[in-house]
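Welcome! Here are a few exercises to work through with the sequence and the model side by side. Try each task yourself before you read its solution.

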Amino acid sequence: MAKTQYYTATSIDGYIADERNSLDWLFEVDEGTENPFGEFFAGVGAFAMGATTYEWVLENDNLLEEPQNWHDMYGDVPCWVFTHRDLPPVPDANVFMISGDVRRVHEAMLVAAQGKNVWLAGGGDLVAQFAAHGLLDELILGIAPAVLGGGTPMLRHRLRVDELMLTGVREVGQFAYLTYAVGDVARMGRHLAAETATLLPAHF
């Protein structure tokens with residue numbers, strides 16, 4: 001079943017950028033030789049990002065002058081950019097500038113994904129809107145060995161203990177990848193786990 005996922009890197013104390021909106025600290029971390037993002041993105045059929053994230057990608061990857069960089073990263077996978085201001089499009093990229101209710105856009109993204117997953121690339125404010133409407137199924141956090149003490153929060157939305165269920169732990173270089181089921185998916189997982197436990201024979 002297709003999932004709506006928030007895959008992001010974060011500091012130990014839950015920030016995705018420092019107080020200068022910089023990711024320089026993140027690029028200092030040893031990523032190892034594996035490519036977890038490549039594995040993840042192979043299952044993505046549509047994705048979304050906020051205006052600030054899009055502007056950072058434009059600048060960091062020099063996309064207006066070298067649009068091939070976008071295509072190398074994302075191919076023709078459709079991307080929705082949530083913005084209330086005019087932003088330059090990446091030439092020949094499958095990008096839609098949009099504003100308004102995330103629920104309506106989410107429906108369009110699911111159709112476009114054709115059975116594959118939907119990725120919320122960030123930032124935390126945008127993902128919070130999806131989470132508030134119960135549209136977030138999974139968190140995948142690449143936790144970097146850094147404590148920033150402030151900056152841009154990973155997610156501006158409260159998720160209670162009963163709304164999260166740890167489903168995966170992985171070490172990649174100096175990153176600790178934690179995967180959590182979210183919301184109804186987490187509740188269903190807890191229910192099935194409890195049901196299975198009652199069926200297992202007792203060991204004495």
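**Exercise 1. Aromatic pairs**

Find how many aromatic pairs a search of the whole structure gives, then work out how the rings of Tyr 54 and Trp 70 are arranged.

*Solution.*
- Step 1: In this predicted model, the search of the whole structure turns up 20 aromatic pairs.
- Step 2: For Tyr 54 and Trp 70, the ring centres are 6.4 Å apart and the planes stand at 70°. Planes over 60 degrees apart count as edge-to-face, so this pair is edge-to-face.
- Step 3: Now place the two residues. Tyr 54 belongs to helix α3 and Trp 70 to helix α4, so their pair ties together parts that are 16 residues apart in sequence.
- Step 4: Both Tyr 54 and Trp 70 are buried.
- Step 5: Widen the view. Ring pairs join these two residues into a cluster whose members include Tyr 7, Phe 37, Phe 47, Trp 119 and Tyr 177.

**Exercise 2. The nonpolar cores**

Describe the largest nonpolar core and say which element gives the most to this core.

*Solution.*
- Step 1: The largest nonpolar core is made of 33 residues. Those with the most contacts inside it are Phe 41, Phe 47, Met 49, Tyr 54, Trp 70 and Trp 119.
- Step 2: Elements giving two or more residues to this core include α1 (24-27), α2 (36-41), α3 (51-60), α4 (68-74) and β10 (175-182).
- Step 3: The most comes from α3, which gives 4 residues.
- Step 4: Look at one member up close. Leaving aside residues up to four places away in sequence, Tyr 54 touches nine neighbours you can look up, among them Met 49, Trp 70, Val 81, Leu 87 and Met 97.
- Step 5: Apart from this core lies another, of 26 residues, including Phe 82, Val 102, Met 154 and Leu 159.

**Exercise 3. The two sides of a helix**

Find which residues of α5 are buried and where they sit around the helix axis.

*Solution.*
- Step 1: Helix α5 covers residues 102-113, which is 12 residues. From first C-alpha to last it reaches 16 Å, close to the 16 Å expected.
- Step 2: The buried residues of α5 are Val 102, Val 105, His 106, Met 109 and Ala 113.
- Step 3: Seen down the axis of α5, these buried residues fall within an arc of 105°, so they line one face of the helix. A general rule helps here: an α-helix has 3.6 residues a turn, so residues three or four places apart point the same way.
- Step 4: The face turned away from the buried side carries the exposed residues Glu 107 and Val 111.
- Step 5: Among the partners that the buried residues of α5 pack against are β1 (4-11), β3 (44-50) and α6 (124-132).
- Step 6: Check both ends. At the start of α5, a side-chain oxygen of Asp 101 comes to within 2.8 Å of the backbone nitrogen of Arg 103. After α5 comes Gln 114, with a positive phi near 50°.

**Exercise 4. A buried polar contact**

Is His 106 buried or exposed, and what joins the side chains of Thr 4 and His 106?

*Solution.*
- Step 1: His 106, in helix α5, has a relative accessible area of 8%. Buried means under 20%, so His 106 is buried.
- Step 2: Thr 4 is in strand β1 and is buried too, with a relative accessible area of 1%.
- Step 3: A polar contact of 2.7 Å joins the two side chains, Thr 4 and His 106.
- Step 4: His 106 also touches Phe 130 and Leu 135, while the residues that Thr 4 touches include Leu 110, Val 118 and Leu 135.

How values were computed:
Residues are numbered from 1 along each chain as its sequence is written. This is a predicted model: local features need pLDDT of at least 70, side-chain atom pairs count only at pLDDT 80 or more; totals for chains, interfaces and linings use all residues. Side-chain values use heavy atoms; hydrogens and water are left out. The expected span of a helix is 1.5 Å times one less than its number of residues. Buried means under 20% relative accessible area, exposed over 50%, partly exposed in between (1.4 Å probe, protein chains only). The arc is that of the directions from the helix axis to the C-beta atoms. Contact means heavy atoms within 4.5 Å. A polar contact is a pair of N or O atoms within 3.5 Å; within protein, one must be able to donate a hydrogen and the other to accept it, and residues adjacent in sequence count only if both atoms are side-chain atoms. A nonpolar core is a set of buried Ala, Val, Leu, Ile, Met, Phe, Trp, Tyr and Cys residues joined through side-chain atoms within 4.5 Å. Rings of Phe, Tyr and Trp (its six-membered ring) pair if their centres lie within 6.5 Å; planes under 30 degrees apart count as stacked, over 60 as edge-to-face and the rest as tilted.
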